[in-house]
Amino acid sequence: MNLPDSNHLQSFDRLGFALIPNVIGQEEMAQLIQAITQTNPNSTAIRQRGQGTYAMRNLLETVPAVKTLAASTPIRLLVESILGPTAFPVRGLLFDKTPEANWKVAWHQDLSVAVKHRIEVAGFGPWSIKAGIQHVQPPASVLEQMLTVRLHLDDSHEENGPLQVLPGSHIHGKLGAQEIEAWRNQTPATPCIIGQGGVLLMRPLLLHASSPAQRPGHRRVIHLEFAAKSLPGGLEWLATQFA
Ligand SMILES: O=C(O)CCC(=O)C(=O)O
């Protein structure tokens, strides 16, 4: 793995994302895929469309191998290079595209975080419940200090609906519909093309989207979010413990 150096970090700050190839080796990848595949499909954390599982929530809680991954040396090195040594994982998701679940997602920022309990705190809201877990939209200042690590369980290429990003769109706070439209018109989208075992680092406020795959097959991504600071007013991140 090529660890991000100061040039990488400067471009990460400016662009809001970085692609790091070959972070996790083949053997560990095979074990992770097995752990994901064996996860009980009756779990409420899993979303299905027809016969296809296309998303799993609460991955840090439901798949021990994912919790171990979040604490593994290669992931810690990447996370600490951006958030520092106090960083901890706060949410884990899986996204997949299959012939049965060949979905798309419109341009958006990731605005919600998972918390243990609902406590009204100024600047936090609206609230929602996803797979039984309390979620809330924190102020942009909280999201700006978070990092998303997306580990690719399959090669991500032009034809399997890769994530696309609008570079530089992460430093303007939460964007309204018109601002998102303006970004789309001004800024060419960058597809995040990377091989199995590679990582996309991104800020949650970076505008991102993806299209259905042209050649549907698995396109699995483990999506881990990290923070480095506690929340105000008694609010608690859902997951704050290392594996
Ligand atoms: O994996 C994708 O294509 C989209 C994921 C997504 O919507 C997200 O990360 O918020």
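This briefing walks through the ligand shell, helix 5, the nonpolar core and one open sheet. The model you are looking at is predicted. Its largest nonpolar core has 52 residues, and seen from helix 5, the buried residues pack against several helices and strands.

**Ligand shell**
- Around the ligand you will find Phe95, Val105, Asp110, Leu163, Ser210, Val221 and His223.
- By character, this shell splits into 4 nonpolar, 2 polar and 1 charged residue.

**Helix 5**
- Four residues of helix 5 (residues 73-83) are buried: Ile75, Leu78, Val79 and Ile82.
- These residues lie on the same side of helix 5, because they cover an arc of only 90° around the axis.
- In an α-helix, with 3.6 residues a turn, residues three or four places apart point the same way.
- The packing partners of these buried residues include helix 1 (6-15), helix 4 (64-70), strand 9 (147-152) and strand 14 (221-227).
- Gly84, just after helix 5, has a positive phi of about 90°.

**Nonpolar core**
- Within the largest nonpolar core, Val149, Leu201, Ile222 and Phe226 have the most contacts.
- Strand 14 gives the most to this core, contributing 5 residues.
- Leaving aside residues up to four places away in sequence, Ile222 touches Leu59, Val66, Leu69, Gly92, Leu94, Leu151 and Leu153.

**Open sheet**
- Here 4 strands are arranged in the order 5-13-10-11, with antiparallel pairing.
- Strand 5 (105-108) and strand 11 (190-191) each have a single partner strand, so one side of each is left without a neighbour in the sheet.
- Strand 10 (residues 164-165) and strand 13 (residues 208-210) are joined by 2 bridges, and Gln164 faces Ala209 of strand 13.

Methods
Residues numbered from 1 in each chain as written. Predicted model: local features only at pLDDT ≥ 70, side-chain atom pairs only at ≥ 80, totals over all residues. Near = placed C-beta within 6 Å. Nonpolar A, V, L, I, M, F, W, Y, C, P; charged D, E, K, R; others polar. Buried ≥ 20, exposed ≤ 12 C-beta atoms within 10 Å, placed from the backbone. Arc of directions from axis to C-beta. Contact = placed C-beta atoms within 7 Å. Core = buried A, V, L, I, M, F, W, Y, C linked by C-beta atoms within 7 Å. Pairing = 2+ DSSP bridges.
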